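Student: Could you pick one part of this structure and take me through it up close? I'd like to get a feel for the whole chain before we zoom in.

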Amino acid sequence: MTSNIASVCIAIIGKDNSPLYIATTDLDRELELHYSVHASLDIIEEKCMPSSGKQSVDSRDLYLGMLYSTETDKIYGYVTNTKTKFIIVIDSSNSALRENEVRSMFRNLHILYTDAVCNPFYTPEEPLTSKVFDRSVRNIMAGNV
């Protein structure tokens, strides 16, 4: 059983902007989705950068909201306290999308990420290769959370 929300790409980017994990559901658009993820990094940096003495984003709010949209996709961002970036790309044709559902996806992704990096065999800032993590993220992408 799937919900109305289905993302086409989920990416986790390290604090040094290196990809730790990228998953896509549409292999035909994989390169385009990777480009969208990397293009969104500049917007995330801009939103997180202090401007004229005050931060443009509340430092307690990790959710950045919609970063930008294209004809086919909406790109949302989230930054952890350790400057790890989460990016979710959702199909623009999904008109049933609500902001709280996207926030929930990010919260679930953050919990999965925290569990994965707390593994004593995981090396920090290395790509996430756990099959359990990948399966769980793909469940989030399918809306089966």
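Tutor: Sure, and let's start with a term: accessible area here comes from the Shrake-Rupley method, with a 1.4 Å probe. Keep in mind that this is a predicted model. The chain exposes about 8300 Å², and carbon and sulfur atoms supply 52% of that. Of its 145 residues, 39% count as buried. As for the parts list, the chain has three helices and seven strands. Read from the N terminus on, the elements go β-β-α-β-β-β-β-β-α-α. If you take the contacts with a separation of 6 or more, 56% of them are between residues 24 or more positions apart.

Now for the close-up, and I'd pick Lys 85. You'll find Lys 85 in strand β7, which covers residues 85-91. Is Lys 85 buried or exposed? Its relative accessible area is 4%, and buried means under 20%, so Lys 85 counts as buried. What does its side chain reach, then? One partner is the backbone oxygen of Gly 14, at 3.3 Å. Another is Asn 17: a polar contact of 3.1 Å joins the side chains of Lys 85 and Asn 17. Leaving out residues up to four places away in sequence, Lys 85 also touches a whole run from Ala 11 through Ile 12, Ile 13 and Gly 14 to Lys 15. Others on its contact list include Leu 41, Ile 44, Glu 45, Tyr 78 and Val 79.

Ser 40 makes a nice companion to look at. This residue sits in helix α1, residues 30-48, and is buried with a relative accessible area of 0%. The Ser 40 side chain reaches the backbone oxygen of Val 37 at 2.5 Å. Skipping residues up to four places away in sequence, Ser 40 touches Leu 67, Tyr 68, Ile 75 and Ile 87.

Last stop: the other two helices. To describe two packed helices, people give the angle between their axes and the distance between the axes. For α2 (residues 99-117) and α3 (residues 131-142), the axes come within 10 Å and cross at roughly 180°. Angles over 145 degrees count as roughly antiparallel, so that is what α2 and α3 are to each other. Where they meet, α2 brings Met 105, Asn 108, Leu 109, Leu 112, Tyr 113 and Ala 116, while α3 brings Phe 133, Ser 136, Val 137 and Ile 140. Sorted by class, that contact has eight nonpolar residues, two polar and no charged ones.

Notes
Residues numbered from 1 in each chain as written. Predicted model: local features only at pLDDT ≥ 70, side-chain atom pairs only at ≥ 80, totals over all residues. Heavy atoms only, no water. Axes fitted to C-alpha atoms, helices over the stretch in contact; angles between N-to-C directions. Helix = DSSP H or I, 4+ residues; strand = E, 2+ residues; numbered from the N terminus. Parallel < 35°, antiparallel > 145°, perpendicular 65-115°, else oblique. Contact = heavy atoms within 4.5 Å. Nonpolar A, V, L, I, M, F, W, Y, C, P; charged D, E, K, R; others polar. Buried < 20%, exposed > 50% of the residue type's maximum accessible area, 1.4 Å probe, protein only. Polar contact = N/O pair within 3.5 Å; in protein donor to acceptor, adjacent residues only side chain to side chain.
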